[in-house]
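This report looks at the surroundings of a ligand and then at the nonpolar interior of the protein.

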Amino acid sequence: MPSSDDRALLSRFLQDAIRRELRAGVSHWENAAWNKAAGTFLEGTAAGAPRVARVARATRAEPGAEPEREPEAVAPAARKTKPTAFNPPPKAAGRARDWKKQLAAVGAEAAECRKCPLCETRNSVVFETGTASVPLVFVGEAPGRDEDLQGLPFVGRAGQLLTKIIEAIGIDREDVYICNILKCRPPNNRDPLPEEVEQCLPYLERQLEILNPRVICALGRIAAQVLLQTKTPIGKLRGRVFLYNGRKLVPTYHPAALLRNPDLKRTVWEDVQLVRRILDDPESVPPDAPPGGAPGGAPPPRRVDDLNLGI
Ligand code: URA
């Protein structure tokens, strides 16, 4: 007859074993969901999400059989929204009824801008892209060569990667809003000068005011440091939640940095999951302490000396 001590030991052993099994099951499910959501974004990195299964299959048609239809022709809706582990994103709300008109007015003003010497070398003023039907704004640094030629932000290689990053959190690129700190390309893609930022930033401030997004994702050092008025390196800012004029802001690495160092993709994937969590449930993610600014988020910079770009 086992003693009561033996019975207690056995019961603890069984409970631990059951807990271990349950944990293994949950983490298996989490990994599967994670891989599905990350999709092609993490392909070829040390993070190593497996390739998402392709829909198309090689088939040998029987004589006289109906030719197999293209997957796109069978399910046109599937072309837009990729299968991910996320629910549909929330819709933008809480904007002025004439927000499109207001944005267009700011865009028209920017299109004529001659406040800094970049107007002499630009081909286009690159103001915005996206329908803003989801309350998420990505802010980059400045247009590059492709963007300057096409007049749209993030259309080059970095832009293609940004599209994958956005799709990895279950959102179509055209549903968010994408813009930059500078609206004109600096020659040879050099870093923006403080005086260029000072002249250009009011356009972005007005874009963000009009859009009133639930979350802003600052892409790269320049965007994060300008918006947060700090010299703190991007590696210390990323993955944290700050407040910018009362709106949540998450800095992450610039997609161009990921092109140079694909191992950063895993880190960016974690950061954009945080963005997605804020989108879905803003209250669940409280803001971090500001990086040297006033509580509640630093106000937008006003003078060149305030910019502290560290450049
Ligand atoms: N890099 C940016 O920061 N913005 C763009 O629009 C393109 C590349």
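## Ligand contacts

A polar side-chain atom of N180 lies 2.8 Å from a nitrogen atom of the ligand, a polar contact being a pair of N or O atoms within 3.5 Å. The protein covers 92% of the 240 Å² of accessible area that the ligand has on its own, with areas taken from the Shrake-Rupley method and a 1.4 Å probe. Oxygen atoms of the ligand are also engaged: one is 2.8 Å from a polar side-chain atom of H254, and an oxygen atom is 2.8 Å from a polar backbone atom of E141.

The model is predicted, so that local features need pLDDT of at least 70 and side-chain atom pairs count only at pLDDT 80 or more, whereas totals for chains, interfaces and linings use all residues. Residues are numbered from 1 along each chain as its sequence is written, and side-chain values use heavy atoms, without hydrogens and water.

## Residues around the ligand

With a heavy atom within 4 Å as the criterion, the residues around the ligand are G140, E141, A142, E147, P153, F154, N180 and H254.

## Nonpolar core

The largest nonpolar core has 71 residues, of which F41, L136, F138, V139 and I181 touch the most other members; such a core joins buried residues (under 20% relative accessible area) through side-chain atoms within 4.5 Å.

Technical notes: Polar contact = N/O pair within 3.5 Å; in protein donor to acceptor, adjacent residues only side chain to side chain. Buried < 20%, exposed > 50% of the residue type's maximum accessible area, 1.4 Å probe, protein only.
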